Amino acid sequence: VDAGYHSSLATSLSVPEKASEIQQVDKVVHGVVLTGVFGVDRNAVLRQLHGGVLCLQPVTAAHCVWVEPQDMQLLARHGATGAHCPSSNLKLGSGIAPLAALQKTGVRVAIGTDGAASNNNLNMLEETPLAGLLHKGAMHDAEFLPAPALMEAACKTGALAQGRDDCGAIKPGNRADIVVYRLDSPAMLPLSNPLLNLLYAGQSA
């Protein structure tokens, strides 16, 4: 579904990324005619789609940098997933998605890369630790997004966002890619916490 910015495997919406961003929308989305100029000053995109695309499942809202409390509540009510793309948002100077507020409201948050035009490398091994470090620093809270939650956001939540419950976690019957890491490489030592090492040092292993 193209609601002005993105289309994806799942129904995908992109809320404004910058405070100054204005997007002209004049499209028919699943029978709903969307016409108007939507910007962060009105946060009208999600509310215009209420009862339309948001009633479809699954819905992925890209970026979620400039969402307001009522937007988060709307996303949570419809079981939408927010796709957090920290490299893209930082490169474009868009801002930082309010992950803590999204999660507190009940919005699932997955980690994404955005497209090559605004990220370049599309490297989840870089994106995932960046998401963790960015929010720990921004919130002055070293305990925010602990390793298990960060891994889930990078794997399982992204799979669920696409309507797939047979991947994103290692368990019998699930589909999976196999990645082998050398635990004796200098980057992975000392191996006091394998999951932390995987998330924050795995790219160098």
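This briefing walks through the overall build, a pocket, the salt bridges and a surface patch of one protein. The model is predicted, so keep that in mind as you look around. The protein has nine helices and six strands, and 42% of its 205 residues are buried.

**Overall build**
- Start with the secondary structure: the protein contains nine helices along with six strands.
- Its accessible surface comes to about 10,500 Å², and carbon and sulfur atoms account for 56% of that area.
- Take the contacts between residues at least 6 apart in sequence: 60% of them join residues at least 24 apart.

**The second largest pocket**
- This pocket holds about 170 Å³ of space.
- Three elements each give two or more residues to its lining: strand β6 (108-111), helix α7 (147-154) and helix α8 (156-161).
- If you would like to find the pocket in the structure, look for its lining residues, among them Arg108, Val109, Ala149, Glu152, Ala153, Lys156, Thr157 and Leu160.
- The lining also includes Gln103, Val107 and Leu145.

**Salt bridges**
- How many salt bridges does the count come to? The count comes to two.
- One of them joins Asp166 and Arg175, with the closest N and O atoms 3.2 Å apart.
- Asp166 counts as partly exposed because its relative accessibility is 28%, and Arg175 is also partly exposed, with a relative accessible area of 47%.
- Another salt bridge pairs Arg182 with Asp184, and here the closest N and O atoms are 3.0 Å apart.
- Is Arg182 buried or exposed? Arg182 is exposed, because its relative accessible area is 56% and the cut-off for exposed is over 50%.
- Its partner Asp184 has 48% relative accessibility, so Asp184 counts as partly exposed.

**A nonpolar patch on the surface**
- Which residues make the nonpolar surface patch of about 260 Å²? Leu133, Leu196 and Tyr200 make this patch.
- Tyr200 belongs to helix α9, which covers residues 194-201.
- With 32% relative accessibility, Tyr200 counts as partly exposed, because that class lies between the cut-offs of 20% and 50%.

Key. Residues numbered from 1 in each chain as written. Predicted model: local features only at pLDDT ≥ 70, side-chain atom pairs only at ≥ 80, totals over all residues. Heavy atoms only, no water. Patch = residues over 30% accessible without salt bridge, like charges linked within 9 Å, V, L, I, M, F, W, Y side chains within 5 Å. Areas by Shrake-Rupley, 256 points an atom, 1.4 Å probe, with all protein chains shown as cover. Salt bridge = Lys/Arg side-chain N within 4 Å of Asp/Glu carboxyl O. Helix = DSSP H or I, 4+ residues; strand = E, 2+ residues; numbered from the N terminus. Buried < 20%, exposed > 50% of the residue type's maximum accessible area, 1.4 Å probe, protein only. Contact = heavy atoms within 4.5 Å. 1 Å grid on protein atoms, 1.4 Å probe; cavity = no way out; pocket = protein on both sides within 12 Å on 5 of 7 lines; lining within 4 Å. Points joined across faces, edges and corners; volume = space filled by probe spheres on them.
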